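Welcome! Here is a friendly tour of a few spots worth finding for yourself. Please have the sequence and the 3D view ready.

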Amino acid sequence: MTRFILQRLAETLLVLLLMSFVIYGLIGLMPGDPIDLMLTADPKLTTADVARLKALQGLDQPLVDRYVHWLSAALQGDFGYSRSQSLPVWQVVVPRLWNTILLMGLSLVIALAIAIPAGVQAAARPGSLTDNLINLSAFAGMSVPLFWLAILMLMLFSVHLRVLPASGTFSVGADGIADRARHLIMPVLSLTLVTVGAHLRYVRSAMTEALRQDFIRTAQAKGVSRGRLLYGHALRNAMIPFVTVLALEFGTLFSGALIVEQIFAYLGMGKTIYDAVAGNDYNLAMVSLLLSTAVVLLSNLAADLAYAWLDPRITYR
Amino acid sequence: MVRTLLRLLIGLGIVLGGAGLPAAARDQLIIGSTQFPSTLHPSIDSMLAKSYVLGFTQRPFTTYDQDWNLVCLLCTELPTIENGKAKIEDLPPGFKRDAGTTFCKSADPTLATKGMAVTYTIQPNATWGDGTPITTEDVMFTYEVGKNEKSGITNSELYRRIIKIDVLDKKTFTIHSDRVDFGYNGINDFLLLPAHLERAALGDDPAQYRNRTLYSTDPTNPGLWFGPYRVASIEPGSQIVLEENPTWWGEKPQIKRIIIKTIENTSALEANLLSGSIDYIAGESGLSIDEAIAFEQRHKDAYDVLYKPVLFFEHITPNHDNPALGDKRVRQALLYALDREVLTQQLFGGHQPVADTDVSPLDWIHTDDVKKYRYDPAQAAALLDAAGWTLGGDGLRHDAGGRPLAFELMTTAGERTRELVEQVLQSQWKAIGIDVRIKNEPARVLFSETISKRKFTGLTLFAWLTSPENVPHTTLHSTMVPTEANGWAGQNYADYRSPEMDDLMDCIEIELDRGKREQMWHKLQAAYAEDLPDLPLYFRAQAFIMPKWLRGVRPTGHQYQSTLWAEQWRIQE
Amino acid sequence: MTTPRADAETLPAAGLRQPLGAPRLRRTVRQRLLSHPLAVASAALLLALALLVLAVPLIGMALGVDSETPNLLTRMQAPSSAHWLGTDELGRDLLMRLLEGGRVSLGIGLIIAVAAAVIGTLIGLTAGYFGGRTDALLMRLTDGIIALPRLPLLIVLAALDVTKLGLPEQWAHSPLLGFWRIAVIITLVGWTTVARLVRGATLSLREREFVRAALALGARPARIMFVHILPNLAGPIIVATTLSVGNIILAESVLSFLGFGIQPPMASWGNMLTNAQEMMWSAPMLAVWPGVLIFATVISCNFLGDGLQDALDPRA
């Protein structure tokens, strides 16, 4: 088992390395640079200045050289400065990473808290009104465009009802748990609403599959109560495939967080990535993209380990 | 179960209750802006959002005020030839001018070998926020940083023109510049840095200065700020909090605290304003003009909306290498065929005045005595016929060889207002037989490749920021056409060459007499309107959305922003 | 190493235990599909939408409206007899713009879904059939792409300068570039679901008797993959493809909303939402309609896919 874990960690590092090259290349293939945009914003700027500033950023060097330079610094722990914030990259990324983890974590917990019981109930009564209603809601959630939903919520709660702050991560001078919570309500709510559907469907599907198994019929014949049957026997088996699906959902959750962060101006990783890529901020973009890839890869590993733990038939060699 | 429910409700109540606290007497102003400065260093990275914030916390030596007059802020008296503080002098021996610089033909040729010495005195009570007085040591340090190629200073043209600076005493210094020009006493972009704090950051390695400067590593250090406010706290990417600066030597501000929140999404910005989390949307980096107009229609009882035309000159640059566009008559026809009045009326509520040349109506040099291009499709058609483009059976114009009159029209993708305008332009030009194809590109592609390397074949629609009494040397002078040979230097993207215009510009630059200069400016505008190197559209406007209780905010209309007079802002409930 | 997981893609392992091509099966499937009212309704809605958007030029002529020319004097009007849904921010008829946007959004959805399905099937078949190193390599590639955060990657890909990749300038400047660019990049990340599904199914089908029989008869791998194995996978592939159309339409609309997708003046439901967002207070219907249409289309695809899934599942 330990060998398996170490092997997977090694593979993760390899993927990250490969990804770093690909991403650096992709960003390098993007045209132009924000420095060029400064020309129209400053009447005194000349093209000679633009060339000089680009040289200072190392943009006149060939891409491969820049990548090698970045890599060798990174391997020594120096990830450089963020050009759009004039701060060391880690200083920018760490608080935002926590913000995103908070957002994603809360969404996930609430989504699961809704999806699991609802999925179980739907699977227990296939074809009934409950099942159809739950299915309908799940599909509705999955089909609604997230950015549209976010904007509608913004209008309803911030403008018409005036109960929630329209944006930001926290208020100035009043940073506390209650304040943070208020700023999180709409982002978490919108993200949850669009992800709960998919979770619900998976749970229902897995539960249906589990409920078909012979051992359920046996347990029923033995007189096991309905509750214990559903939650004690079927759900435990259904969780196995569901857990692996959950790991795959992290990628989607992350992308959803990006949109939500943009609209609500919530300072998280998604927004950081978007701004860094748009602003040609290589250092920041590299670190944030690699970090998110790492998070997803590690959650895959966690899911595989959970799978092995949950299902005694599986062993890793 | 009931208890959990109760706890939940109480928790929710606390959380939502935060929204309903009664407001105390107002002593702070929360401003919403759409951009967060990438750095607070005055001279690194040109960003209007940054100069907005710095207007609260620093003062330049000289600047243009709301009436577009040059005034002294950090200096005591504006140096002029009349009051003796400025002199024309010989350049040091061995001084060489850049190759390719032209000189006014009708002026005294000896002026080409002269420079100027301009003397300034720093305000006697000017002090950094930590109590250290502002002295000429800071001036010399700033000059040192500005001169250094590696320090990352964006606008180094200013420093390149300085030959040397003489220190006369702790508060007085003389700048020796390398040329005679009418703007000799304006050093608006010479923004002081605190030598006592920044020298250590500069250290031996100027290439790292950008990362080591205290403006990035320790922005709340009071010693960095000397305006009416100083930076009290900063949340990178989201807000900046400014508090009163006790060492400020000028008029004491009434508002104790200013918070600048960054909200990039304009709908969210509006929502924040309406919900009360921000009080005022800064015109300098706020809503677009049509959003502001729509906002005003809905909320004029609760908010005052002030519109101020600014020096963003929205225009169309044609590529004169295109045989059709190189013909003046075609350019004139293009402009006659546009109903710019209706356009600005319908789209911008009339707040963005039609431009006749690249000189703003608010500028003192502006004249109305130029050729005007009122909407006249008949005249446009006549001009095109005269130029050899005749209307064919398909509704489009062709020349004698059968080639159609067709261009590409490009602008920045994703900017709704521009896309709107483009589509109107396209249809109005179609009406006189010109086939215009719209092709937009993201701003970074457009500016870094297509425009700057003159890869566009037809027309490009964009804006540039100018300044009061700005000689359009880089955009209209024939030596400023970017080519591969000269490393793409210059901004004369149109490839407009006019000896008359060149000479006018050269002569204006060195003419110190205001009266004579005014004459030349009028001639330049007349030539511009006749030749149409670019097709002028309008000057953009900014919308300042203010609560009824905020007074004293005076938009300037140019890049030196209203915050430079923040101590005059008042809260009057 | 890891054992094949029973995950979402292989759960609907339907249709694999059926014998090939029995006409009785097809009738049963159709019957079962028809007994799902929601699936039927969805199919009908999608068909109606498809017909409407295909007939856009005809509708334009019939209604007498021109959806291209901006008209400054009729901006953002309420619905009237001249403009059934009102006008947009440029004075163009909203109904026509929605239909044209639908043409783009639906067209892209379909093209990408089919392309991704084809690529995914090819990769999955190859991996599942040949097994061993090929399988490991292809599955690592698939996992790698799944592991990446999708939206940031799409953003980076959408912002690329294609001329730097060697594409000739003429193509780079054609108006359809935006359309094809999105199609290509979403396909590049969209084939993974089908690939995993097909690979899992191929792995198990590979061991079946009819495959062994074909091998014994001397059939080449290509023949076995395409003539014998593939038809059995038709069901799950169709289901997965149908379900993916919805996600693809959402992905395109997000990219267009963020400014990286279809560029105006070409309309797509996504970019109609970008523009309308700023007009939310003065003309909310400009934002509601495209969102409603996206929602309706995606939910129909999902219901249809779900119905197909149930219809093809022999154990229900």
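## A buried threonine

T100(A) is buried, because 28 other C-beta atoms lie within 10 Å of its own, and 20 or more count as buried. Keep in mind as you look around that this is a predicted model.

To find T100(A), go to chain A and look in helix α5, which covers residues 89–124. Leaving aside residues up to four places away in sequence, T100(A) touches A257(A), G268(A), M269(A) and G270(A). For a sense of distance, try L149(A): T100(A) and L149(A) are 49 residues apart in sequence, and their C-alpha atoms are 19 Å apart in space.

## Where chain A meets chain C

Next, turn to helix α10 of chain A (residues 226–264) and helix α6 of chain C (residues 150–158): their axes come within 7 Å and cross at roughly 60°. That crossing makes α10(A) oblique to α6(C).

Which residues make the contact? From α10(A) come G251(A), S255(A) and L258(A), while α6(C) brings R150(C), L151(C) and P152(C). Sorted by class, this contact of α10(A) with α6(C) has 3 nonpolar, 2 polar and 1 charged residues.

## Where chain A meets chain B

Chain B also touches chain A, in a contact that takes 59 residues from chain B and 49 residues from chain A. Several elements of chain B each supply at least two residues to its side, among them the helices α1 (2–17), α8 (266–275) and α14 (443–451) and the strands β9 (239–244), β10 (257–262) and β17 (459–465). By class, the side of chain B that touches chain A has 24 nonpolar, 26 polar and 9 charged residues.

Notes:
Residues numbered from 1 in each chain as written. Chains lettered and ligands numbered in written order. Predicted model: local features only at pLDDT ≥ 70, side-chain atom pairs only at ≥ 80, totals over all residues. Contact = placed C-beta atoms within 7 Å. Helix = DSSP H or I, 4+ residues; strand = E, 2+ residues; numbered from the N terminus. Nonpolar A, V, L, I, M, F, W, Y, C, P; charged D, E, K, R; others polar. Axes fitted to C-alpha atoms, helices over the stretch in contact; angles between N-to-C directions. Parallel < 35°, antiparallel > 145°, perpendicular 65-115°, else oblique. Buried ≥ 20, exposed ≤ 12 C-beta atoms within 10 Å, placed from the backbone.
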